[in-house]
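Colleague: Before I rely on the labels attached to this model, I should like to hear the reasoning behind them. Please set each value against its criterion.

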Amino acid sequence: MTTQNDEELISAATNNNKNDNNNNNNNNKNNNMTTTTAAEHDEDEEIEKTVLASVNDDDVVEDDDDDEDPVITMSEEARLVDQLPLDSLAATASSFASVHGILVERRQTDHVNNNHLHNINNNSNSNNATSTNTGSSNNNNNNNNNNNNKDTSFTSSSSTRQQSYFECAPISLLPNAFPRSAFVQAQTVAPLFNQLVEIVSQDATFLTTTLQQVVEVDPFTAKLLHLYQDIYHNNNVNNNNNSNNTNTNTKNFAPQADRLGLFRSDYMLHPQPTEGEAATAATPPPTLKQVELNTIAASFGALSTRVAALHRHLITTAATDEAVQAFLQQNKKAILGDHTAVDNHEKNDDDGVPENCALDRLAFALHLAAQHFQTRFLPCVVEEKPVILFVVQPGETNTADQRLLEFQITQVHGWRVLRQSLTELSTSATVNPDTGLLTIAEPMGGTATTPGATTITQQRTVAVVYYRAGYAPTDYFGPAEWKARALLEQSVATKSPCLGYHLVGTKKVQQALARPGVLESLLQNHTDAGTKLEQVEQAAAMLRSVFAGLYTLGSDMVEEDYAAVQAILQQGQDSKYVLKPQREGGGYNFYGKQMEERLRLHVTFHDNDDNKPPTVDHSVLGEFILMQRLFPPEQRAVLLRSGQVEGSGPSISELGCFGTILVRPGTGTGDNDKTSKILHNEYAGFLMRTKFSHVDEGGVAAGFATLSSPYLV
């Protein structure tokens with residue numbers, strides 16, 4: 001579902017994907033409103049205003065296979081919803097959200113009568129007409145109006161101004177059932193994925209070879225890869241002929257910098273395969289499968305922490321409410337199915353919403369990185385601590401999630417946080433040519449009075465650069481933003497992520513790692529000499545156990561990749577796959593008939609030779625991968641928008657597990673300092689997103705899903 005401007009958050013249906021939803025509903029009648037592998041980047045911080053549509057019971061497509069029908073029908077589930085104290089629960093949720101910051105920022109444009117404001121200001125004999133204006137920006141507008149309208153006080157004129165307000169974030173009213181065993185599995189593999197990203201990021205040959213065809217058709221990935229090569233391996237970023245046109249005239253200190261990863265791996269549940277007679281036995285619980293690994297701008301750690309607290313509060317206060325307990329137990333049964341380990345699906349004392357440590361551990365990782373930076377590069381500076389830089393998008397609206405993290409860093413760990421966009425950094429950032437220290441100009445809230453003077457600023461040394469932007473082409477308006485990215489990368493400041501970590505998060509790398517033997521080879525070649533082979537094999541098996549089916553459409557296609565294409569175009573299995581480009585955030589994937597049509601334009605079959613694989617136009621399709629479509633079990637959900645019940649219906653959920661890693665690079669000198677050293681590596685909390693089943697995409701930020709919590713069973 002993922003990131004990356006993070007928020008206006010939800011919708012079960014948008015104008016942009018109505019046709020796609022209709023196609024999927026028509027094509028998947030035997031899949032009982034099947035779900036998707038769409039993910040959000042988190043990264044992903046982009047707002048699309050959408051309207052959440054209620055799901056009626058008539059919209060549910062019944063499964064033709066009686067053996068797979070839920071024990072309780074959707075109409076009975078709907079009656080369980082009707083019995084819930086919805087008004088009371090929604091009111092409590094809305095109040096809790098307001099008090100604890102589970103909010104999203106909204107913007108509205110007001111039309112302002114300039115002459116009216118001008119006359120009021122004149123009558124008040126003051127430029128600070130506080131009774132009619134709010135904020136310094138409005139006072140500036142009024143001053144401008146006074147200057148421009150000195151002789152035209154009664155001339156009709158108007159302008160617009162944008163104002164912000166906050167409202168309850170889109171959330172699921174109650175938590176969603178999730179198998180405890182799958183949750184523990186996701187926690188367990190989080191540090192392994194952290195280490196895998198570190199390993200792959202340092203293998204320039206693997207990254208370059210894997211992404212070679214992608215960069216030929218995807219300019220954005222090409223720029224990232226070329227910048228990575230120039231800075232870390234060619235050392236020619238300041239050569240006038242460098243491939244990225246990002247000459248910063250700055251010495252390259254990047255190899256000396258620590259590397260910080262704040263990642264999130266997203267998962268869906270998927271039915272375990274059954275064969276022959278086994279299909280008639282007790283249905284095994286669903287298995288955990290990875291949707292994607294987000295390595296940049298993985299969002300919602302702070303808000304998800306507060307949502308988990310909200311759901312624990314609601315469950316505690318409703319402990320004796322029979323309707324709420326019946327609703328939770330029915331969803332438990334929907335997720336676990338006929339799993340014989342659970343007797344009668346009655347409530348277990350261990351059932352419930354776990355503590356979410358995301359806000360605490362993400363802030364701690366940033367603190368640890370800043371602390372280690374100060375020890376390495378500013379050991380004698382005590383008068384002023386360096387700052388942590390949040391790189392954000394202009395007009396950012398996922399401010400609540402980001403600010404909660406900022407406040408945690410400042411209040412608990414004592415670090416100041418500054419926020420600037422890549423555009424702002426293109427003029428405010430500098431790197432010391434002797435030390436590699438990164439400094440940025442912080443506006444001090446006033447302007448110089450001398451004519452022609454610039455805004456008063458203070459230079460701040462940056463310890464950590466934390467990207468909540470920069471993951472999409474739309475974050476780079478021109479050469480200035482790319483040069484800013486290059487300049488930040490060349491400094492000794494710790495980057496989260498560095499360019500190598502960023503590239504490991506591409507879909508193509510994810511697909512390549514799933515190839516037989518690739519994961520095992522990388523782990524073996526880059527693991528400490530003292531590590532036993534069986535340890536490497538065990539780690540590889542744990543990682544591979546959560547891989548979904550992944551297929552390339554580039555020139556490296558093999559038999560299984562061609563088979564997937566043939567299954568879609570010749571065997572009518574378009575419902576079993578998703579076509580995914582190298583993009584973060586919801587809204588970019590192709591499903592069903594749209595996917596089939598996209599492929600058919602660039603695939604040619606050989607009618608006279610069934611044994612010959614089809615001809616695939618890799619120059620067009622090489623930037624995409626095919627992924628196995630996942631089918632999580634459905635459960636009932638009630639979704640809220642702006643603190644009000646917006647609708648209820650069958651839903652599916654996606655679990656994200658955060659992980660953090662801090663690495664000190666090897667210096668190449670001394671027996672104990674030749675290789676990189678992992679200073680910190682841990683699981684760092686969770687995120688759950690829930691959407692109605694008939695919605696293909698899954699991004700909260702892109703307007704398709706809601707924030708939720710796992711109710712472990």
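The exchange below takes up several labels in turn.

Modeller: Let me state first that this is a predicted model. The protein has 713 residues, of which 58% are buried, and its secondary structure comes to 21 helices and 23 strands.

Colleague: Why is Thr210 called buried?

Modeller: The relative accessible area of Thr210 is 11%. The term buried applies under 20%, so Thr210 is buried.

Colleague: What makes the approach of the Thr210 side chain to the backbone oxygen of Phe206 a polar contact?

Modeller: The distance is 2.7 Å, and the cut-off asks for a pair of N or O atoms within 3.5 Å, one able to donate a hydrogen and the other to accept it. Thr210 itself has its place in helix 7, residues 204-217.

Colleague: Which residues does Thr210 touch, not counting those up to four places away in sequence?

Modeller: They are Lys508, Val509 and Ala512. To touch here is to have heavy atoms within 4.5 Å.

Colleague: How do you know that strand 14 and strand 18 pair?

Modeller: Three bridges are found between strand 14 and strand 18, residues 625-628, in the antiparallel sense. Pairing requires at least two bridges, so the criterion is met. Within strand 18, Ile625 stands opposite Thr552.

Colleague: Why are strand 14 and strand 15 said to stand at the edges?

Modeller: The open sheet has three strands in the order 14-18-15, with antiparallel pairing. Strand 14 (550-552) and strand 15 (577-580) each have a single partner strand, so one side of each is left without a neighbour in the sheet. Neighbouring strands of this sheet are turned by 25° against each other on average, direction ignored.

Colleague: Which helices lie across strand 15 and strand 18?

Modeller: Helix 19 (residues 559-570) lies across strand 14, strand 15 and strand 18, and runs at about 100° to strand 14. Helix 20 (residues 592-600) lies across strand 15 and strand 18, at about 60° to strand 15.

Colleague: What makes strand 21 mostly covered?

Modeller: Of the 16 residues in strand 21 (residues 677-692), twelve are buried, each of them under 20% relative accessible area.

Colleague: How do you know which strands pair with strand 21?

Modeller: The bridges answer that, against a requirement of at least two. Strand 20 (residues 644-664) is joined to strand 21 by 13 bridges, and strand 22 (residues 706-708) by three; both pairings are antiparallel. Gly656 stands opposite Leu687 in strand 21, while Met688 stands opposite Ser708 in strand 22.

Definitions and conventions:
Residues numbered from 1 in each chain as written. Predicted model: local features only at pLDDT ≥ 70, side-chain atom pairs only at ≥ 80, totals over all residues. Heavy atoms only, no water. Helix = DSSP H or I, 4+ residues; strand = E, 2+ residues; numbered from the N terminus. Buried < 20%, exposed > 50% of the residue type's maximum accessible area, 1.4 Å probe, protein only. Axes fitted to C-alpha atoms, helices over the stretch in contact; angles between N-to-C directions.
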